Amino acid sequence: MEPTLAASTTKSDALTPEQLQSVWGTLKSPRRLKTEILGGLVVGLALIPEAIAFSVIAGVDPRIGLFAAFTMAVTIAFTGGRAAMISAATGAVALVIAPLVRSHGVDYLIACVILAGVIQIILAVSGVARLMRFIPRSVMVGFVNALAILVFIAQLPELIGVPWLVYPLVAAALLIMFVLPRFTQAVPAPLVAIVVLTLVTVLASIAVPTVGDKGELPDSLPSLLIPNVPFTFETLQTIFPFALAMAFVGLLESLMTAKLVDDITDTRSNKTREAWGQGVANIVTGFFGGMGGCAMIGQTMINVKASGARTRISTFFAGVFVLLLVVVLGDVVSVIPMAALVAVMIFVCWATFDWHSIRPRTLKALPKSETFVMVATVIATVATHNLAIGVGTGTVLAMVMFARRVAHFVTVTRVPADDEGSVTYVVNGELFFASSNDLYTQFSYALDPDRVIIDMAESHLWDASTSATLDAITDKYRRHGKDVEIVGLNDASTRMRERLAGKLGG
């Protein structure tokens with residue numbers, strides 16, 4: 001049974017999924033507004049240690065990651081195309097920018113973040129979001145499962161070499177999150193688990209790792225700044241490769257996460273708006289001295305699945321709470337045991353992983369090629385800790401598998417005429433580079449009569465490879481002194497044939 005703590009999914013005032021996303025409607029409903037605010041609080045608490053950890057990966061001061069969590073979440077709440085999705089500093093972005101920080105320092109990082117935001121806006125206007133439809137379901141499932149595994153792996157350092165009391169605390173928090181929703185959904189179970197474990201460790205003076213052990217929390221608000229770098233072509237050459245990589249990785253993670261939330265909430269998001277919204281958020285973050293970022297799958301699942309949030313209100317408050325918690329309530333936040341936050345993330349991993357995809361019944365029913373693509377996506381993503389590489393690998397494999405499968409659907413049937421003075425070949429299927437290469441071998445060039453008709457009424461020409469193959473077929477027949485005629489082409493295939501016939505090789 002999949003855990004779901006969403007109060008908005010039980011009765012939900014008999015509202016449709018689209019109505020649940022309404023900000024104004026939620027502001028008028030105290031119960032739904034409470035769900036959004038508490039969801040934002042849980043996410044804000046979970047964002048703090050992760051932002052600090054990602055700052056360490058990037059090689060920057062923890063404040064840079066925490067400020068990014070605040071500015072990204074607040075900005076994307078207004079500009080994003082997917083309600084309730086959380087954006088902040090992420091591990092994928094931290095890995096991309098870490099070499100630049102080591103070689104050139106923080107000011108170059110800030111300039112890189114701003115440039116990455118500009119690139120994302122350009123990509124959005126160029127229609128890059130529409131490419132999402134080319135990502136197959138098997139890759140999407142692999143992406144989700146890989147993310148769940150990566151989020152779990154990221155928690156292991158907090159469970160190794162720690163006081164033994166950490167383990168019963170994690171178990172207790174997990175028990176709360178799995179059992180509490182069976183009795184009440186008035187308050188998000190992750191928030192209850194965090195509060196209970198914090199009270200227990202403080203009142204009982206239990207010495208376990210806390211949020212404060214992760215790094216120093218900021219005590220002031222972020223301020224507007226301009227990166228102190230030379231505004232020269234050399235600077236652009238230095239930061240552009242990193243900005244381009246950051247832009248692509250950030251958009252890929254964000255658009256994939258948006259698609260996942262679409263499926264969970266049974267609603268549609270504006271992928272183009274999400275793409276340029278991420279760009280705007282990164283520009284704002286850069287000018288406030290943050291490290292940039294993108295959508296976060298773990299925190300988004302906390303918000304949408306564990307807390308039941310559905311609107312931009314939760315995203316906005318997640319960012320606001322990050323700032324309030326670290327600046328105003330830093331002393332309180334610093335005593336929260338890491339065991340509580342680790343348990344929340346493990347719970348999110350359990351809820352995020354698509355367990356149905358690995359059931360024997362499902363694996364038996366799926367084509368082996370789709371299972372292979374899903375597994376390859378998971379392995380590539382987990383092995384590289386790079387979502388772009390994992391999704392790219394899975395998508396390319398899926399395309400190759402599809403081309404290979406479709407290529408076998410082309411048939412050529414030989415039909416001799418009654419007087420044996422001619423022969424007709426009936427071609428059936430989609431002709432492209434993978435299927436047309438074998439077409440050349442399907443004809444009896446030397447044995448056929450003087451007149452040959454190739455009937456293509458049941459086929460379609462998709463690329464230049466097919467036109468080149470038809471040229472080769474007709475040329476070989478003519479070398480045998482035979483007359484060949486191609487008939488039955490549809491309008492699109494006829495136009496391609498007229499445009500390319502005889503122009504593709506010697």
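**Close-up views of a predicted model**

**View 1. Isoleucine 48 and the nonpolar cores.** Setting aside residues within four places in sequence, isoleucine 48 contacts Leu66, Val211, Leu217, Leu325, Val326 and Val333. The coordinates come from a predicted model. Ile48 is one of the residues with the most contacts inside the largest nonpolar core, together with Met177 and Met291. That core contains 110 residues. A second core, separate from it, has 18 residues, among them Val423, Ile454, Leu461 and Val484. In soluble globular proteins, nonpolar side chains tend to be buried together.

**View 2. Helix α13 and its packing partners.** Helix α13 covers residues 312-328, 17 in number. From first C-alpha to last it reaches 24 Å, close to the 24 Å expected at 1.5 Å a residue. Its buried residues include Ile313, Ala318, Phe321, Val322, Leu325 and Val326; Ser314, Thr315 and Gly319 are buried as well. The elements against which the buried residues of α13 pack are α2 (23-27), α3, α4 (62-79), α12 and α14 (330-333). Two of the buried residues of α13, Leu325 and Val326, are also contacts of isoleucine 48.

**View 3. The largest pocket.** The largest pocket holds about 720 Å³ of space. Its lining is made up of 31 residues, and those closest to the pocket centre are Glu50, Phe54, Gly91, Leu150 and Ala154. Two or more lining residues come from each of α3 (30-58), α5 (91-104), α7 (137-155), α12 (297-306) and α15 (338-352). Sorted by class, the lining has 21 nonpolar, six polar and four charged residues.

**View 4. Helix α7.** This helix contributes two or more residues to the lining of the largest pocket. α7 has 19 residues and spans 28 Å between its first and last C-alpha, close to the 27 Å expected at 1.5 Å a residue. Because 14 of those 19 residues are buried, α7 is largely enclosed by the rest of the structure.

**View 5. Arginine 451 in strand β5.** Arginine 451 belongs to strand β5, residues 451-461. Its relative accessible area is 33%, so arginine 451 counts as partly exposed. Beyond four places in sequence, arginine 451 touches Gly421, Ser422, Val423, Asp483 and Glu485. Arginine 451 and glutamate 485 are 34 residues apart in sequence, with 8.1 Å between their C-alpha atoms.

**View 6. Serine 493 in helix α21.** Serine 493 is part of helix α21, residues 491-500. Serine 493 has a relative accessible area of 0% and is therefore buried. Leaving out residues up to four places away in sequence, serine 493 touches His460 and Leu461. Leu461 is also among the residues of the second nonpolar core.

Note on methods. Residues are numbered from 1 along each chain as its sequence is written. This is a predicted model: local features need pLDDT of at least 70, side-chain atom pairs count only at pLDDT 80 or more; totals for chains, interfaces and linings use all residues. Side-chain values use heavy atoms; hydrogens and water are left out. On a 1 Å grid over the protein atoms alone, a cavity is a set of points where a 1.4 Å probe fits but cannot get out, and a pocket is an open set with protein on both sides within 12 Å along at least five of seven lines; lining residues have an atom within 4 Å of a point. Grid points are joined across faces, edges and corners, and a volume is the space filled by probe spheres set on the points. Helices (H or I, at least four residues) and strands (E, at least two) are DSSP runs, numbered from the N terminus. Ala, Val, Leu, Ile, Met, Phe, Trp, Tyr, Cys and Pro count as nonpolar, Asp, Glu, Lys and Arg as charged, and the others, Gly among them, as polar. Buried means under 20% relative accessible area, exposed over 50%, partly exposed in between (1.4 Å probe, protein chains only). Contact means heavy atoms within 4.5 Å. The expected span of a helix is 1.5 Å times one less than its number of residues. A nonpolar core is a set of buried Ala, Val, Leu, Ile, Met, Phe, Trp, Tyr and Cys residues joined through side-chain atoms within 4.5 Å.
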